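This report walks through one protein chain part by part, and it is best read with the structure open alongside the text.

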Amino acid sequence: MLHRVPVGRMTAFVPLQHDASDARQCQQGSREWFAHRHGHLTASQFAAALGFNSPGQQRKVLRDLFSTAPPRETYDACTDSLRESGAQWGHRYERSALATYLTAYVQPRCSTARLLETGFWPIASHPSGLAMGASPDALLEGWDSAFPGGVSVEVKWLEPGQVL
């Protein structure tokens, strides 16, 4: 049975070295992070943009993607959306989930592995002008025997009764 690990006990979690000019070094949720994401189709929006969610969500994602509104308005709109249960859970428990993953699963198998906090990773724009990107919850590095080159780590929340 896994027990929740207090974040303060994580010795191999590398905090972000904040640099607002580098999207990968911006604190997730910060104004700079939202500014870098502005105009990009993000990994978290991808299913909605393809129409896998409700038609209203698809319209909203596509409208926001092609919006010329300044990033501050995008920041405020995204902050308002944090009222959704999954996003609230993520903000509350993500670091603890990462700590548990690191200390209960990764480090017993590889003591040199560590998790790195990261920001937004833009992907080169498509010739059509569509830009994409993603913000992993963390990057796992140092376990090259199992995962050469590292791993992008995502913490997920399931609704009660939802199966992965």
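## A helix at the surface

Phenylalanine 46 is a convenient place to begin, and this residue lies in helix 2, which covers residues 46-50. The model is a predicted one. Phenylalanine 46 has a relative accessible area of 35% and is therefore partly exposed, since the partly exposed class runs from 20% to 50%. Together with Leu50 and Phe52, Phe46 forms a nonpolar patch on the surface, and the accessible area of these residues together is about 340 Å².

## The chain as a whole

The protein chain contains five helices and seven strands, and, read from the N terminus, its elements follow the order β-α-β-α-α-α-α-β-β-β-β-β. Of the 164 residues in the protein chain, 28% are buried.

## The largest nonpolar core

In soluble globular proteins, nonpolar side chains tend to be buried together. In this model the largest nonpolar core has eleven residues in all, among them Leu98, Leu102, Val106, Leu140 and Trp143. Two elements, helix 5 (85-106) and strand 6 (138-141), each give two or more residues to this core, and the largest share, three residues, comes from helix 5.

## Aromatic rings and the charges over them

How many aromatic pairs does the model hold? The count comes to four aromatic pairs. In one of them, tryptophan 33 and phenylalanine 34 have ring centres 4.8 Å apart and ring planes at 75 degrees, so this pair is classed as edge-to-face, the cut-off for that class being over 60 degrees. Both residues, tryptophan 33 and phenylalanine 34, are buried. Elsewhere, ring pairs join Tyr101, Tyr105, Trp143 and Phe147 into a cluster, and Trp143 is also one of the residues of the largest nonpolar core.

Tryptophan 33 has a charged partner as well, for the charged end of arginine 37 sits over its ring at 4.3 Å from the centre. A second arrangement of this kind involves tryptophan 121, where arginine 24 lies over the face of the ring, 5.0 Å from the ring centre.

## Salt bridges

Side chains of opposite charge can pair when their charged atoms come close. The structure holds four salt bridges, and three of them are described here, starting with one that involves an arginine already mentioned. Arginine 24, which lies over the face of tryptophan 121, also meets the side chain of aspartate 22 in a salt bridge, with an N to O distance of 3.4 Å. Aspartate 22 is partly exposed at 22% relative accessibility, and arginine 24 is partly exposed as well, with a relative accessible area of 35%.

Within helix 3 (residues 55-65), aspartate 64 and lysine 60 are four residues apart, which means that about one helical turn separates them. Their side chains meet in a salt bridge with an N to O distance of 2.6 Å. Aspartate 64, at 31% relative accessibility, is partly exposed, and lysine 60 is likewise partly exposed, with a relative accessible area of 40%.

Which residue forms a salt bridge with glutamate 117? The partner is arginine 95, and the closest N and O atoms of the two are 2.8 Å apart. Because glutamate 117 lies in the loop between strand 3 (114-116) and strand 4 (121-123) while arginine 95 lies in helix 5, this pair ties together parts that are 22 residues apart in sequence. Is glutamate 117 buried or exposed? Glutamate 117 has a relative accessible area of 15% and is therefore buried, the limit for this class being under 20%, whereas arginine 95 is partly exposed at 34%.

## Loops and distant parts of the sequence

The loop between strand 3 and strand 4 also contains phenylalanine 120, which is buried at 1% relative accessibility. Phenylalanine 120 and serine 135 are 15 residues apart in sequence, and their C-alpha atoms are 4.5 Å apart in space.

Another loop, between strand 1 (13-14) and helix 1 (31-37), holds serine 30. Serine 30 is buried, its relative accessible area being 14%. Along the chain, serine 30 and glycine 119 are 89 residues apart, and the distance between their C-alpha atoms is 9.7 Å.

Conventions: Residues numbered from 1 in each chain as written. Predicted model: local features only at pLDDT ≥ 70, side-chain atom pairs only at ≥ 80, totals over all residues. Heavy atoms only, no water. Phe/Tyr/Trp six-rings, centres within 6.5 Å; stacked < 30°, edge-to-face > 60°. Buried < 20%, exposed > 50% of the residue type's maximum accessible area, 1.4 Å probe, protein only. Lys NZ or Arg CZ within 6 Å of the ring centre and 35° of its normal. Patch = residues over 30% accessible without salt bridge, like charges linked within 9 Å, V, L, I, M, F, W, Y side chains within 5 Å. Areas by Shrake-Rupley, 256 points an atom, 1.4 Å probe, with all protein chains shown as cover. Core = buried A, V, L, I, M, F, W, Y, C linked by side-chain atoms within 4.5 Å.
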